[in-house]
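Subject: Structure handover

Dear colleague,

Please find the structure below, followed by notes on what was found in it.

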Amino acid sequence: MTRIASNPDATAPAVADSLLPVAAALVALLFALLLADSFRRRPAGPKALWALGFLLFATATATEAAAQRAGWTPTLFRIYYLTGGVLTVAYLGAGSAWLQLPRRARDVLVGALAVATLAAAVAVSLAPVDVAALAGTASGRPPANGALHGHVFLWAIALNSFGTIFLVGGSLYSIVRRQRVRTNVWIGGGALVVALATGLSRAGDYSFVYAGELVGIVLMFVGFRLAALPPARARPRSVRLDTHGARALRAG
């Protein structure tokens with residue numbers, strides 16, 4: 001096994017395993033910055049929520065990359081679990097929910113999400129970590145969710161279910177109604193890829209987890225960018241009247 005000269009404790013496979021998480025973190029951070037810049041120029045609730053979602057994803061994948069080089073620690077795992085396992089999908093789903101909900105419901109959504117974020121952060125920070133499970137985690141995979149004890153998994157289930165319902169369900173609903181079909185195909189497809197990668201990892205197959213994260217987040221970002229574009233402007237009424245008038249003259 002080849003040692004890495006700059007770090008005698010690192011190995012070539014460990015460095016290779018960190019490449020996909022690093023790529024995913026950089027791509028997600030770039031997307032977060034682009035959405036934040038778009039929000040600065042044209043403020044909109046979905047842009048802010050999606051930017052936060054991508055920033056959370058970037059944080060989670062950065063912890064994965066760091067752990068592949070230096071090993072999992074309780075602090076790294078807590079950050080990974082909170083940002084990636086609990087909050088990312090919730091914030092991305094909240095951005096999609098914003099497009100479907102009336103104004104008062106949006107206010108309730110943001111308030112509830114803020115309270116849930118704080119409560120989940122406290123729960124994760126206080127939950128005991130199985131250090132032996134972290135030490136036994138093989139290279140190229142995140143630790144099992146069970147390494148974090150207590151009832152924290154309830155926050156992960158609740159917030160991931162909420163986010164997935166609006167990411168996938170909202171996309172399917174809009175596609176059926178033929179509203180922004182191309183946009184929702186990208187978002188729904190990306191969410192399904194991430195869900196597939198996560199589902200396989202929970203079943204013990206980690207071969208697709210990092211690649212699935214990277215591919216899924218790129219697909220969703222394309223959809224979010226399309227959703228953030230202003231709607232096409234309708235032609236002025238006078239132009240339409242002039243067109244109809246010209247047709248009438250030709251008919252006459």
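Contact in these notes means heavy atoms within 4.5 Å. The model is a predicted one: local features need pLDDT of at least 70, side-chain atom pairs count only at pLDDT 80 or more, and totals for chains, interfaces and linings use all residues. Residues are numbered from 1 along each chain as its sequence is written, and side-chain values use heavy atoms, with hydrogens and water left out.

Overall make-up

The chain has two strands and nine helices. Both kinds of element are DSSP runs numbered from the N terminus, with helices (H or I) of at least four residues and strands (E) of at least two. Read from the N terminus, the order is β-β-α-α-α-α-α-α-α-α-α.

Of the 252 residues, 39% count as buried. Buried stands for under 20% relative accessible area, exposed for over 50%, and partly exposed for what lies in between (1.4 Å probe, protein chains only). The exposed area of the chain is about 13,700 Å², of which carbon and sulfur atoms supply 66%. Accessible areas come from the Shrake-Rupley method with a 1.4 Å probe, and for residues only the protein chains shown count as cover. Among contacts in the chain with a separation of 6 or more, 70% are between residues 24 or more positions apart.

Helices H3 and H6

Helix H3 covers residues 74-100, and serine 96 is placed in it. Serine 96 counts as buried because its relative accessibility is 8%. Apart from residues up to four places away in sequence, serine 96 touches Trp50, Phe166, Leu167, Ile187 and Phe224.

Two packed helices are described by the angle between their axes and the distance between the axes. For H3 and helix H6 (residues 152-176), the axes come within 8 Å and cross at roughly 35°. Axes here are lines fitted to C-alpha atoms, for helices over the stretch in contact, and angles run from 0 to 180 degrees between N-to-C directions. The crossing of H3 and H6 is left-handed; that is, the near helix is turned anticlockwise from the far one by less than a right angle, while clockwise would be right-handed. By class, the contact of H3 with H6 has 17 nonpolar, nine polar and no charged residues. Ala, Val, Leu, Ile, Met, Phe, Trp, Tyr, Cys and Pro count as nonpolar, Asp, Glu, Lys and Arg as charged, and the others, Gly among them, as polar.

Valine 168 is found in H6 and is buried, because its relative accessible area is 16%. Outside the four places on either side in sequence, valine 168 touches Ala191 and Leu192. Valine 168 and alanine 191 are 23 residues apart along the chain, with their C-alpha atoms separated by 6.5 Å.

Helix H4

Leucine 113 is in helix H4 (residues 103-126), and alanine 120 is found in H4 too. Leucine 113 is buried at a relative accessible area of 5%, and alanine 120 is buried at 0%.

Leaving out residues up to four places away in sequence, leucine 113 touches Leu49, Ala90, Tyr91 and Ala94. C-alpha to C-alpha, leucine 113 and alanine 90 are 8.1 Å apart, with their positions 23 residues apart in sequence. With the same exclusion, alanine 120 touches Leu82, Val86 and Trp155. The C-alpha atoms of alanine 120 and valine 86 are separated by 7.8 Å, at 34 residues apart along the chain.

Helix H7

Glycine 190 lies in helix H7 (residues 181-202). Its relative accessible area is 0%, so glycine 190 is buried. Beyond its neighbours within four places in sequence, glycine 190 is in contact with Gly216, Leu219 and Met220. The C-alpha atoms of glycine 190 and glycine 223 are separated by 8.6 Å, and the two are 33 residues apart along the chain.

Aromatic pairs

The structure holds 10 aromatic pairs. In tryptophan 72 and phenylalanine 77, the ring centres are 6.1 Å apart and the planes stand at 90°, so this pair is edge-to-face. Rings of Phe, Tyr and Trp (its six-membered ring) pair if their centres lie within 6.5 Å; planes under 30 degrees apart count as stacked, over 60 as edge-to-face and the rest as tilted. Both tryptophan 72 and phenylalanine 77 are buried. Elsewhere, ring pairs link Phe31, Trp50, Phe54, Phe221 and Phe224 into a cluster.

Regards
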